[in-house]
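Me: I'd like a close look at one part of this model, and then a walk outward from there. Take your time and keep it connected.

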Amino acid sequence: MAEELKTLMEIEETQFDQEQIQYIAIANIRPNPYQPRKNIEEEKIYELAQSIKTYGLLQPVIARKSATGYELVAGHRRLLACKKLGWAEVPAIVRELSNSAMATVALIENLQRENLSFLEEAQGYESLIREFKLTQEVLAQRLGKSQSTIANKLRILKLPREVKEKLQIQELTERHARALLKLPGEEDQLKILQEVCNLRYTVQQTEKRVADYLSNLEPTAVKERKKVIIRDIRIFLNTVRQAVSILEAGGLNARLQENDLGDSIEVTIRLPKNKKNSAQAVKSTSVAAAVQRPLLPGQ
């Protein structure tokens, strides 16, 4: 794999022999099935076509043989520009490459020649990992990036489809998207995203707005959790019983009485008012404990 990429990168840097170039009918070249770029601006293709018309195609495309002809490996925009000019053939270098090498190079070419959108880049990483069963670490090594960079890119894909579409339409940045990831749900994300778009928030303003929004959510969440606990009568009664047991263990003669009144439960706790009763309770508790404790040999 490493050798395939090295060979291909050398070709991309124009280190090739003229005898390696073949002229292939454009009609016989299928698009790269691993092409990460989903949206290509027609204006960019037109500009490239005019440049090729004036100066010629300075660098051949790269292809590999397939059962029905050829598959494009690198040079997607160049091929589209040549088609726009009405060319029947295009100069190409033909290489034998694995699917993994083909997909990796397609992604690298797009990243180096003209930046993909951050969503297209993340989708490209996900496609390579899924298609070729790569780990994030292995993919990072192949692309010359850190594993944390790959992980952060992939996290963006957890955003709901509607949120991702709106991010792309509004041409917001990756950092805008990562700020939205902190919000708990799609409804919250869309609400803040609409605000970001309408008021044209910077990244810093977006991050502050998300932080403020989350801080306002926290008290409500705490309040709701308390209500759930109090409404469960069994948990409440067990808590009271445990508290009385702790008082008794500490020497206080506490008494707990529960009366089921049908639609409610009456709980009565009696505590002694003077130390004498408490001391007597401690003595009684100690005696009772001594009676109940089994005798050891020799006692």
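Is Arg 64 buried or exposed? And what does the side chain of Arg 64 have around it?

Reply: Bear in mind that this is a predicted model, so everything below is computed from predicted coordinates.

Arg 64 is buried: its relative accessible area is 11%, and the cut-off for that label is under 20%. The residue is part of strand β3, which covers residues 61-66. For a polar partner, look at Leu 97, whose backbone oxygen sits 2.9 Å from a polar atom of the Arg 64 side chain. Leu 97 also turns up among the residues that Arg 64 touches, once those up to four places away in sequence are set aside. That list includes Gly 69, Tyr 70, Glu 71 and Val 73, and also Val 94, Arg 95, Ser 98, Asn 99 and Met 102.

Now the sheet around that strand. β3 belongs to an open sheet of 5 strands with mixed pairing, and the order is β1-β5-β3-β4-β2. β1 (21-25) and β2 (29-30) are the edge strands, each pairing on one side only. β1 runs antiparallel to β5 (residues 89-94), and 5 bridges join the two. For one concrete pair, take Gln 22, which has Ala 92 in β5 as its bridge partner.

On to the charged pairs elsewhere in the chain. The model has 12 salt bridges. One of them brings together the side chains of Glu 207 and Arg 175, at 3.6 Å from N to O. Because Glu 207 is in helix α11 (residues 203-231) and Arg 175 is in helix α9 (residues 174-180), this pair ties together parts that lie 32 residues apart in sequence. As for exposure, Glu 207 is partly exposed at a relative accessible area of 32%, and Arg 175 is partly exposed at 43%.

Helix α11 has a hand in another salt bridge, between Arg 209 and Glu 195, where the closest N and O atoms are 2.6 Å apart. Arg 209 lies in α11 and Glu 195 in helix α10 (residues 186-199), so parts 14 residues apart in sequence are tied together here.

A further salt bridge has the side chains of Arg 241 and Glu 258 meeting at 2.8 Å, N to O. That pair links distant parts of the chain, with Arg 241 in helix α12 (residues 233-249) and Glu 258 in strand β6 (residues 255-260), 17 residues apart. Arg 241 is partly exposed at 34% relative accessibility, and Glu 258 is partly exposed at 34% too. There's also a network: salt bridges with shared partners join Glu 121, Lys 153, Glu 174 and Arg 178.

Last stop, back at helix α12, but for its nonpolar side chains. A nonpolar surface patch is formed by Ile 233, Phe 236, Leu 247, Ile 265, Val 267, Ile 269 and Leu 271, which together have about 560 Å² of accessible area. The elements giving two or more residues to this patch are α12 and β7 (265-270). Ile 265 is one of the patch residues and lies in strand β7. At 39% relative accessibility, Ile 265 counts as partly exposed, whereas Arg 64, where we started, is buried at 11%.

Notes
Residues numbered from 1 in each chain as written. Predicted model: local features only at pLDDT ≥ 70, side-chain atom pairs only at ≥ 80, totals over all residues. Heavy atoms only, no water. Salt bridge = Lys/Arg side-chain N within 4 Å of Asp/Glu carboxyl O. Helix = DSSP H or I, 4+ residues; strand = E, 2+ residues; numbered from the N terminus. Buried < 20%, exposed > 50% of the residue type's maximum accessible area, 1.4 Å probe, protein only. Patch = residues over 30% accessible without salt bridge, like charges linked within 9 Å, V, L, I, M, F, W, Y side chains within 5 Å. Areas by Shrake-Rupley, 256 points an atom, 1.4 Å probe, with all protein chains shown as cover. Polar contact = N/O pair within 3.5 Å; in protein donor to acceptor, adjacent residues only side chain to side chain. Contact = heavy atoms within 4.5 Å. Pairing = 2+ DSSP bridges.
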